[in-house]
Protein chains: 2
Amino acid sequence: MPETDNTEARILEAAKQVFYRKGLDGARMQEIADEAGINKAMLHYYFRTKEKLFDKIFLEALGKILPKIATTLGSDAPLAEKFDVISGYYHDLLLSTPYLPVFVVQTLQHNPDRLLQFIITQSGINPAETFGKFLMQIQQEVALGNIRPIDPRHLVLNLISMCVFPFMMRPMFIRIIGMKDEAFEAFVNERRHLVPQLIMQSIQPDQPPPD
Amino acid sequence: MPETDNTEARILEAAKQVFYRKGLDGARMQEIADEAGINKAMLHYYFRTKEKLFDKIFLEALGKILPKIATTLGSDAPLAEKFDVISGYYHDLLLSTPYLPVFVVQTLQHNPDRLLQFIITQSGINPAETFGKFLMQIQQEVALGNIRPIDPRHLVLNLISMCVFPFMMRPMFIRIIGMKDEAFEAFVNERRHLVPQLIMQSIQPDQPPPD
DNA sequence: AGAGAAATTAACCACTTGGTTAAACCATGT
DNA sequence: ACATGGTTTAACCAAGTGGTTAATTTCTCT
């Protein structure tokens, strides 16, 4: 009785490759089977339908993206550290899986309801709660005069935008700038620290706080 | 001899709606025909194949995205004005066509070569040249002590990221934050001016320049 | 070794897909 | 009126799609 079956794992890995690159509509079951080196019927034997197999991949993808940022924002660490952690996490993640963000974003554009399914079933996190904690931290720092008043939603969105968007633009960016793949990875590695620095700088108060 | 045929325009409009929302693979010719209120055979009569029709839509989409930023960056306007113009342009564009960025990015992930086709055939702009002009402007301002030294590629990428990415995240964002559509549009309208402000602030020198 | 269950395969199926075709329609000029 | 050209339609088609099935191989336990 093979619990973590080898075939099942190979199917999931192959499905990930194909779905990430081509999306639900563009992927072919035959292609996934070929990539896994097995018969097409096996896909339906392990995962009944294409959609079921896709859901497995997609929910796993969301699991890589959402919980980390939620728990980090809701932690007790100081602001600067949170930004560093989030930027580092996303840069590591997207350097190893560059197709991930477009895959997620295109899937949600085609069918936004898949997200709710994730929030309900997976992810034990409560977005409102963790975000509320982060909001309180901001308010405290503002009250202390350590940072200027700012909408935390903009703050987080700016951070994530600058971390993730460059990977979505990669195919366009490297062709317009005329950049090799290694150069892009070096370039984006600079951003790993540039982005949180910029975010921190953007919330510094106009004049330094009195001692 | 109808030059700007009504039917052709209706097809293009319908194709835009469907392709933007579902991408090349997800779109069905029948659905485009229904949306245009015509027979499916008409699509092939005006545009021979699905790909040809898609290319028309996609190249038009790139035309909305690329030339504006290129000409703006290459103009003689001061930096702050350039950032204002670009942010305003993208916010206007994406408020009216929210599906555009994911459509472009997903198309380029599936087939990056379509971009080269655009750069060659369309767009009379030379990326290297216009970007070189922008680079010189940065170097001048740095030499004058008006801004701190910064890689212009990061600068532009940060600007575009914070303008465009929120629209890609919209389906996820509004469901996690629990936001109505109108609230999102108000929220993103705040960013229209917040983003260029943040960008300008990020390049201010550490101490103000001597008079 | 051999029975029984699980895994794997090849062949097949109903249906959808993009695309075609031939006939019908309609406008215009003579 | 009618010939001519572009336009529109309904019916059709071959290829590809996700999915099924029944038979075969492989594994496991006694």
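Let me start with a single contact, in which a side-chain N or O atom of Y45(B) sits 3.1 Å from a phosphate oxygen of DNA strand D. Please keep in mind throughout that what you see above is a predicted model. As for where the protein surface near DNA strand D comes from, the elements that contribute two or more residues are helix 3 (40-46) of chain A and helix 3 (40-46) of chain B. Helix 3 of chain B makes the largest contribution there, with four residues.

Staying with DNA strand D, 15 residues surround this strand, and the closest are R28(A), K40(A), K50(A), M42(B) and Y46(B). Backbone atoms of chain A take part as well, since a polar backbone atom of K50(A) is 2.7 Å from a phosphate oxygen of the strand, and a backbone N or O atom of M29(A) lies 3.3 Å from a phosphate oxygen of DNA strand D. Of the strand D atoms that are within 4 Å of the protein, 60% belong to sugar or phosphate, and the rest belong to bases. Sorted by class, the surface near DNA strand D holds eight nonpolar, four polar and three charged residues.

Now let me turn to DNA strand C. Which residues come nearest to this strand? Of the 15 around DNA strand C, they are M42(A), Y45(A), Y46(A), K40(B) and K50(B). Among the strand C atoms that come within 4 Å of the protein, sugar and phosphate account for 62%. A base is reached too, in that a polar side-chain atom of K40(B) lies 2.4 Å from a base oxygen of DNA strand C. On the phosphate side, a polar side-chain atom of H44(B) is 3.3 Å from a phosphate oxygen of strand C, and a polar backbone atom of A27(B) is likewise 3.3 Å from a phosphate oxygen of this strand. Here the largest share of the surface, four residues, comes from helix 3 of chain A.

One residue of that helix deserves a word, namely Y45(A), which is found in helix 3 of chain A and which, at 64% relative accessibility, counts as exposed.

Finally, how are the two protein chains arranged? Chain B is superposed on chain A by a rotation of 180 degrees with 0.0 Å of shift along the axis, at an RMSD of 0.0 Å, and the two copies are therefore related as by a two-fold rotation axis. The copies also meet through the same surface, because 98% of the interface residues of chain B are interface residues in chain A as well.

Definitions and conventions: Residues numbered from 1 in each chain as written. Chains lettered and ligands numbered in written order. Predicted model: local features only at pLDDT ≥ 70, side-chain atom pairs only at ≥ 80, totals over all residues. Heavy atoms only, no water. Near = heavy atom within 4 Å. Polar contact = N/O pair within 3.5 Å; in protein donor to acceptor, adjacent residues only side chain to side chain. Nonpolar A, V, L, I, M, F, W, Y, C, P; charged D, E, K, R; others polar. Least-squares fit on C-alpha atoms with pLDDT ≥ 70 in both. Contact = heavy atoms within 4.5 Å. Buried < 20%, exposed > 50% of the residue type's maximum accessible area, 1.4 Å probe, protein only.
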